[in-house]
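Please open the structure in your viewer and keep the selection panel at hand. The tour below proceeds from one selection to the next.

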Amino acid sequence: MQETELKLELSQSGARSLLKKNPFGSPPTILPQRSVYFDTTGWDLSKRGLSLRIRQSGNERVQTLKAGDGAAAGSFTREEWERPVAGDAPILDDPQIRDVLAGEAPKLAPLFEVHVKRHRWNMSDDDATIEVALDLGKVVAADREAPLCEIELEKKAGSPRALFALARKVDLITPAHLGVLSKAERGYRLLGSAPGAVKSAATPLTSEMSAATAFARIAAACLKQFRLNETALGWSRDADALHQARVSLRRLRSLCSICKSLFDDSRFDHLREELKWLASELGEARNIDVMIGRASSEALSSRLQDARDDAYAAVEASLSSVRARSLMIDATEWISIGDWRTQSDEKLHEQSRNLASGVFDKFWKKVAKGGNDLIDADDETRHKVRIAAKKLRYAAEFFEPLYEGKAEAKRHRRFIKAMKDLQDHLGNLNDIATAPDMLAALELSDVAGAKDLFSAEDKSQLLKDAAEAHDAFVNTRRFWR
């Protein structure tokens, strides 16, 4: 069986408002539920994208095995196998399940539990039938627990677009943020170290996969990375979480830029502009964090800390805005079920490796040619080279799984190292170039230590280092050839 659902995260007060206004057309059915999740001590099922649980509702117990894409954001389409069971021990006698578990069955043990009070509705929206489940409760793992407040919209029949239409109705009643974690993922995160900043991870791709499918998978992974870091920012004003949230948006914008030839879609253009807006809302706070790390005087550091408080308050306001929440829902809808997914354009259906090779060639030439004379170039020229280098590195990371041969993988590692060295030097030069304007905007130009952030001596050495890094990049063998 296959399920298609959309998850949204609510606050406790938001859930109460939703229950009070109840836009779902009937009183809810209320069911206390206890779900026990099983895996090996090495989390072998989780590593293979599987989750196994037994859920008890009243006197009934149902065992569910789910297989899905861990990179998905908000909208999940997953294979699942369900069967009633009599007790709390998994029954694994179905040949299909045994094949999926691939010998892990004897090692399974309960790892964590989820306890919720589920409010459930079945509703119709035009031609669609949707099961709505509002879950209020907690995830419990060993001696740790975390609150859970989410709503799941599952399509039972009709178009999945109805899920997104209903999500927007919910958001009009109470702020609803795109949910990117399954209950199983919440449990595993609780078993590990305290969640903080989340870096990007490789997205599973294959050479036979179409360009359209590769784009959708990578884009969904970028959205998930953003939402996880946005959530971490809700707990504390962590500089690393802010940085990674901004990185995830930059990665998604770069993906859209390098793949723009695939799309002739006004919604695509609109989403790109909205992503640009959201990334810019995080920019000042990130720039201040960078300057704080380089401040050489107590006076400047103190003034920058005050400016940081204001900048992070602005970030929080932007992230909690209707515009930002709508962007996440709109982007997820377009990525997962946009009209482009069913178009016959041959560019969308070419093999992903062909797409990748064309992207690499294009941006390699831009970086190689544009950086020929970094020392004597002006700041704007170096900035353009930096942007091209960033897109090339992101592309190399996006499509890394397509180059799994031993020699290719080795060349890929060397190429990424050369790219990172060049990017670091160009980034430092850009920080020096933009520091005067940023300090002026913050009215800090005359504070002791301000000029140390953009000294000519530092720039001279960075230019030499950048030129050497560029030479090393040009001389590094291209892994895709």
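**Stop 1: An exposed alanine**

Select Ala201, which counts as exposed because its relative accessibility is 58%, above the 50% cut-off. Bear in mind throughout that this is a predicted model. Ala201 is found in the loop between helix H5 (183-191) and helix H6. Now add Cys222 to the selection: the two residues are 21 places apart in sequence, and their C-alpha atoms lie 9.3 Å apart in space.

**Stop 2: Helix H6 and an aromatic pair**

Next, select residues 211-235, which make up helix H6. Which residue of helix H6 pairs with Trp340? Display Phe215 together with Trp340: the two rings form an edge-to-face aromatic pair, 5.7 Å from centre to centre, with 85° between the planes. Phe215 lies in helix H6, whereas Trp340 belongs to the loop between helix H10 (322-337) and helix H11 (346-349), so the pair ties together parts that are 125 residues apart in sequence. Phe215 is buried, with a relative accessibility of 2%, and Trp340 is buried as well, with a relative accessible area of 1%.

**Stop 3: The cores**

Select Leu153, Phe360 and Phe399. Of the 121 residues in the largest nonpolar core, these three touch the most other members. The largest share of this core, 13 residues, comes from helix H6. A second, separate core has 14 residues, among them Leu45, Trp81, Val100 and Leu108.

Return to Phe360 and show its surroundings. Apart from neighbours within four places in sequence, Phe360 is in contact with Leu392, Ala395, Ala396, Phe399, Tyr403, Phe479 and Trp480. Phe360 also belongs to an aromatic cluster with Trp364, Phe399, Tyr403, Phe415, Phe473, Phe479 and Trp480.

**Stop 4: Charges over rings**

Keep Trp364 in view and add Arg478. The charged end of Arg478 sits over the ring of Trp364, 3.7 Å from its centre. Then select Arg323 and Trp277: here Arg323 lies over the face of Trp277, at 4.1 Å from the ring centre.

**Stop 5: The two faces of helix H1**

Select residues 12-21, which form helix H1. Which residues of this helix are buried? They include Gly14, Ala15 and Leu18. Viewed down the axis of H1, its buried residues fall within an arc of 100°, so they line one face of the helix. An α-helix has 3.6 residues a turn, so residues three or four places apart point the same way. The buried residues of H1 pack against strand S7 (128-141), strand S8 (144-157) and helix H4 (161-173). Rotate the view to find the exposed residues Arg16 and Lys20 on the face of H1 turned away from its buried side. H1 is followed by Asn22, whose phi is positive, near 40°.

**Stop 6: Strand S3 and its partners**

Finally, select residues 50-57, which form strand S3. Seven of its eight residues are buried, so S3 is largely enclosed by the rest of the structure. Add strand S2 (residues 29-39), which runs antiparallel to S3 and is joined to it by six bridges; Val36 stands opposite Ile54 in S3. Then add strand S4 (residues 60-67), which pairs with S3 in the antiparallel sense over eight bridges. Leu50 stands opposite Ala67 in S4. S3 and S4 form a hairpin with two residues between them, and Gly58 in the turn has a positive phi of about 65°.

Methods. Residues are numbered from 1 along each chain as its sequence is written. This is a predicted model: local features need pLDDT of at least 70, side-chain atom pairs count only at pLDDT 80 or more; totals for chains, interfaces and linings use all residues. Side-chain values use heavy atoms; hydrogens and water are left out. A nonpolar core is a set of buried Ala, Val, Leu, Ile, Met, Phe, Trp, Tyr and Cys residues joined through side-chain atoms within 4.5 Å. Buried means under 20% relative accessible area, exposed over 50%, partly exposed in between (1.4 Å probe, protein chains only). Helices (H or I, at least four residues) and strands (E, at least two) are DSSP runs, numbered from the N terminus. Contact means heavy atoms within 4.5 Å. Rings of Phe, Tyr and Trp (its six-membered ring) pair if their centres lie within 6.5 Å; planes under 30 degrees apart count as stacked, over 60 as edge-to-face and the rest as tilted. A charge sits over a ring if NZ of Lys or CZ of Arg is within 6 Å of the ring centre and within 35 degrees of the ring normal. The arc is that of the directions from the helix axis to the C-beta atoms. Two strands pair if DSSP finds at least two bridges between them.
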